[in-house]
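Q: Please take a close look at a single part of this structure, where a metal is held, and then follow the chain outward from there. I am new to it, so a careful and connected account would help.

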Amino acid sequence: MKKVLLSLVVVVLLLSGFAQVKSAEPLYVNKDTVSDEQQVSDEIIVGFKSGADASAQTMQVENLAGAKLSRKGLKNFAVFKLPKGKAINDVINAIKSDPNVEYVELNYIAHAFAVPNDTYFNPYQWDLYNYGMTSNGYVSNYGIQAVSAWDITRGAGVKVAIIDTGVAYENYGSYTKAPDLANTYFDTANAYDFVNNDTHANDDNGHGTHVAGTIAQSTNNNMGAAGIAYEATILPIKVLDSSGSGSYDAIANGIIWAADHGARVINMSLGGSQGSTTLQNAIQYAYNKGLVIVCASGNDGKSTVSYPAAYTQCIAVGSTRFDGNRVSYSNYGSALDIVAPGGDTSVDQNHDGYGDGILQQTFPQGSPNSFGYYFFQGTSMASPHVAGVAALVLSAHPTYTNEQVRTAMQSTAKDLGTTGWDKYYGYGLVNAYAAVRWTP
Ligand SMILES: [Ca+2]
Ligand SMILES: [Ca+2]
Ligand SMILES: [Ca+2]
């Protein structure tokens with residue numbers, strides 16, 4: 001069988017430049033512990049109809065329900081302490097019987113949007129920022145708003161297949177697990193290596209481990225980098241060899257394997273210039289099983305999108321940088337669906353002293369146990385942002401179809417370039433916070 005080289009991955013590595021964070025000081029570490037409590041357990045808020053005599057109403061509520069006034073609001077509402085030993089619904093119903101009461105509700109607790117405590121999150125992971133967050137005073141309006149999305153979901157319960165060079169997910173033979181994947185969930189029982197045909201999808205290149213970090217780097221572990229859907233489960237599938245190349249039959253097998261082993265999302269940060277019936281059939285199989293298939297558009301800077309991204313069943317992802325502009329290497333065209341931060345290491349627009357790549361933990365090719373934090377660039381880095389957001393959407397809405405997940409992301413994307421879909425930005429920049437709140 002003719003071996004088709006997947007030049008994209010090689011190009012990615014050539015472009016990346018391996019800018020490494022060596023021993024940067026943590027410039028911002030959030031040590032706040034954020035409570036998971038959703039409401040004040042012994043309080044309710046009672047709203048009075050306008051014009052009601054607040055003092056008289058307060059007495060009335062106390063008489064009706066045995067609740068005690070705790071404090072008055074500035075306008076037409078007051079907080080009451082619940083009486084002990086009474087069911088909260090009985091208290092609420094008693095108060096609601098007062099015709100001057102407009103509403104009764106629990107006293108909910110708001111939480112500050114917690115920035116994760118991972119050492120390098122700020123200022124280096126601009127790609128995950130909320131709009132308006134600053135990095136050394138430089139405002140980012142082109143992150144994916146992951147910080148706000150994490151208040152809703154972190155991807156729990158969703159399996160994401162990473163079809164790549166493997167992942168540093170286990171200690172096995174001469175391979176070791178990446179330290180900043182220590183708390184990440186893996187489906188180790190179903191990992192598979194279609195290059196060496198064994199059940200250990202260890203990474204001998206570094207590319208797949210970096211991609212895995214973007215999707216599910218261990219987060220809030222006081223270490224290194226954060227990932228987008230860090231409570232998701234990663235299914236490592238190796239189809240590319242140590243040089244970052246692989247044959248289409250291995251990729252097709254990887255796609256079918258993912259579909260048959262419970263994955264709901266596939267990330268493929270790889271591609272070739274040719275279409276293939278074998279590849280297309282595998283994509284169709286996974287799509288029919290309901291998987292969300294996310295693919296890099298390619299790094300040739302040309303006006304056609306690579307395969308498999310070009311197939312209609314796939315979500316083709318192009319690449320943006322800190323200022324929201326498409327990066328020149330990012331393939332575009334009629335098949336492009338969406339863009340995400342993929343980085344541009346030739347500029348330092350956030351003035352953190354490093355080229356603006358995507359920072360995750362991985363290792364240099366040939367030294368699979370020498371872990372460090374590397375700024376990579378490429379549509380290979382953009383694609384896992386969208387796969388991670390897809391996992392967040394499915395975690396918040398497990399019954400959504402793959403087309404609903406696509407719509408959630410495309411219809412809420414931040415429009416860039418000319419108004420509406422366009423060939424350089426597709427539907428725009430993926431927005432994690434808006435996507436997880438989308439409903440049909
Ligand atoms: Ca971390
Ligand atoms: Ca920078
Ligand atoms: Ca547009």
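A: Donors of a metal are N, O and S atoms within 2.8 Å of it, or within 3.2 Å for Na, K and Ca, and water is not among the atoms, so sites may look incomplete. This is a predicted model, in which local features need pLDDT of at least 70 and side-chain atom pairs count only at pLDDT 80 or more, while totals for chains, interfaces and linings use all residues. Residues are numbered from 1 along each chain as its sequence is written, chains are lettered from A and ligands numbered from 1 in the order in which they are written, and side-chain values use heavy atoms, with hydrogens and water left out.

The part to look at is the site of the calcium ion (ligand 1), where the donor residues follow the spacing D-x61-D-x37-S-x2-N-x1-M-x1-A in sequence. Side-chain oxygens come from Asp118 (OD), from Asp180, which is listed twice (OD), and from Asn221 (OD1), while Ser218, Met223 and Ala225 each contribute O, and the distances run from 2.2 to 2.8 Å. Two of these donors, Asp180 and Ala225, link distant parts of the chain, 45 residues apart: Asp180 is in the loop between strand S8 (159–164) and strand S9 (185–186), and Ala225 is in the loop between helix H6 (207–216) and strand S11 (233–238). (Helices, H or I with at least four residues, and strands, E with at least two, are DSSP runs numbered from the N terminus.) Both Asp180 and Ala225 are buried, a word that stands for under 20% relative accessible area, with exposed being over 50% and partly exposed in between, for a 1.4 Å probe and protein chains only.

The loop between H6 and S11 also holds Asn220, whose phi is near 65°, a positive value in a residue other than glycine. Asn220 counts as partly exposed because its relative accessibility is 41%. Helix H6 itself is mostly covered, with ten of its ten residues buried, among them His207, His210, Val211 and Ile215.

On the other side of H6 in sequence, Phe194 sits in the loop between strand S10 (192–193) and H6, and its ring partner Trp257 is in helix H7 (residues 248–260), 63 residues away, so that the pair links distant parts of the chain. The two rings are edge-to-face, 5.8 Å apart centre to centre and with 80° between the planes; rings of Phe, Tyr and Trp (its six-membered ring) pair if their centres lie within 6.5 Å, and planes under 30 degrees apart count as stacked, over 60 as edge-to-face and the rest as tilted. Phe194 counts as buried because its relative accessible area is 15%, whereas Trp257, at 23%, counts as partly exposed. By this rule the count comes to 18 aromatic pairs.

The calcium ion (ligand 2) can be set beside the site described above. Its donors are Asp348 (OD), Asn350 (OD1), Asp352 (OD), Tyr354 (O) and Asp356 (OD), at 2.1 to 2.3 Å, and their spacing in sequence is D-x1-N-x1-D-x1-Y-x1-D. Asp352 and Asp356 are buried. Tyr354 also belongs to a cluster in which ring pairs link Tyr120, Tyr124, Tyr354, Tyr373 and Phe375.

Helix H4 (residues 121–124) contains Pro123, and the peptide bond that leads from Asn122 to Pro123 is cis, with omega near 15°. A second cis peptide bond runs from Tyr307 to Pro308, with omega near 10°, and Pro308 is placed in the loop between strand S13 (292–296) and S14.

Strand S14 (residues 314–320) includes Ser319, which counts as buried because its relative accessible area is 0%. The side chain of Ser319 reaches the backbone nitrogen of Gly342 at 3.3 Å.

Finally, there are the cysteines. The sulfur of Cys295 has its closest cysteine sulfur in Cys314, 3.7 Å away, which is too far for a bond, because a disulfide is a pair of cysteine sulfur atoms within 2.5 Å. Cys314 is accordingly in no disulfide, and the count by this rule comes to zero disulfides. Cys295 counts as buried, at 0% relative accessibility, and Cys314 likewise counts as buried at 0%.

Terms used. A polar contact is a pair of N or O atoms within 3.5 Å; within protein, one must be able to donate a hydrogen and the other to accept it, and residues adjacent in sequence count only if both atoms are side-chain atoms.
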